[in-house]
Amino acid sequence: MDEFLEAGVTTVITVCGHADQACPMFPGKVRRHHFPFDDPAHATGDEEAQMVVFRRVRDEIRAVFGAYAAGRLDERG
């Protein structure tokens, strides 16, 4: 993270289910958004069941970031 401290970051987005508690805070005045997606690496079952979880999370990420990019999410994330 040190490489970004002087990079003029204006927005920080975290995506893990517990990232808002577990990730280090980025210092300075930035817009913060937290989108708590499930971690598909924790999916259980056979390969097909795991792929269902990976695809679901992929689709959720696509929908949330599409809405974010289009300005359809409020500042709370």
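**Close-up views of a predicted model**

A search of the whole structure, which is a predicted model, finds three aromatic pairs. The views below visit some of these rings and a few other spots.

**View 1. F35 and F65 meet as an aromatic pair.** The two rings sit edge-to-face, with 5.5 Å from centre to centre and 75° between the planes. Where along the chain do the partners come from? F35 belongs to strand β2 (residues 31-37), while F65 belongs to helix α2 (residues 47-69). The pair links distant parts of the chain, as its members are 30 residues apart. Is F35 buried or exposed? F35 is buried, because its relative accessible area is 4% and buried means under 20%. F65 has a relative accessible area of 27%, so this residue counts as partly exposed.

**View 2. F35 also pairs with Y68.** Here the ring centres of F35 and Y68 lie 6.2 Å apart. The planes stand at 70°, so this pair is edge-to-face; the term applies to planes over 60 degrees apart. Once again, distant parts of the chain are linked: F35 is in strand β2 and Y68 in helix α2, 33 residues apart. Y68 is partly exposed, because its relative accessible area is 26%.

**View 3. Three rings make one aromatic cluster.** Now put the two previous views together. Which residues form the cluster? The members are F35, F65 and Y68. Within this group you can find buried F35, at 4% relative accessible area, together with partly exposed F65, at 27%, and partly exposed Y68, at 26%.

**View 4. H34 reaches T14 through a polar contact.** H34 is another residue to look for in strand β2. Its relative accessibility is 18%, so H34 counts as buried, the cut-off being under 20%. What does the side chain of H34 make a polar contact with? The partner is the side chain of T14, at 2.7 Å.

**View 5. M1, F4 and L5 make a nonpolar surface patch.** This view turns to the surface, where these three residues make a patch of about 280 Å². You can find F4 in the segment before β1 (11-16). How should we class F4 itself? With a relative accessible area of 41%, F4 is partly exposed, because that class lies between the 20% cut-off for buried and the 50% cut-off for exposed.

Definitions and conventions: Residues are numbered from 1 along each chain as its sequence is written. This is a predicted model: local features need pLDDT of at least 70, side-chain atom pairs count only at pLDDT 80 or more; totals for chains, interfaces and linings use all residues. Side-chain values use heavy atoms; hydrogens and water are left out. Patches are made of residues with over 30% relative accessible area and no salt bridge: like charges are joined within 9 Å, nonpolar side chains (Val, Leu, Ile, Met, Phe, Trp, Tyr) within 5 Å. Accessible areas come from the Shrake-Rupley method with a 1.4 Å probe; for residues, only the protein chains shown count as cover. A salt bridge is a side-chain nitrogen of Lys or Arg within 4 Å of a carboxyl oxygen of Asp or Glu. Helices (H or I, at least four residues) and strands (E, at least two) are DSSP runs, numbered from the N terminus. Buried means under 20% relative accessible area, exposed over 50%, partly exposed in between (1.4 Å probe, protein chains only). Rings of Phe, Tyr and Trp (its six-membered ring) pair if their centres lie within 6.5 Å; planes under 30 degrees apart count as stacked, over 60 as edge-to-face and the rest as tilted. A polar contact is a pair of N or O atoms within 3.5 Å; within protein, one must be able to donate a hydrogen and the other to accept it, and residues adjacent in sequence count only if both atoms are side-chain atoms.
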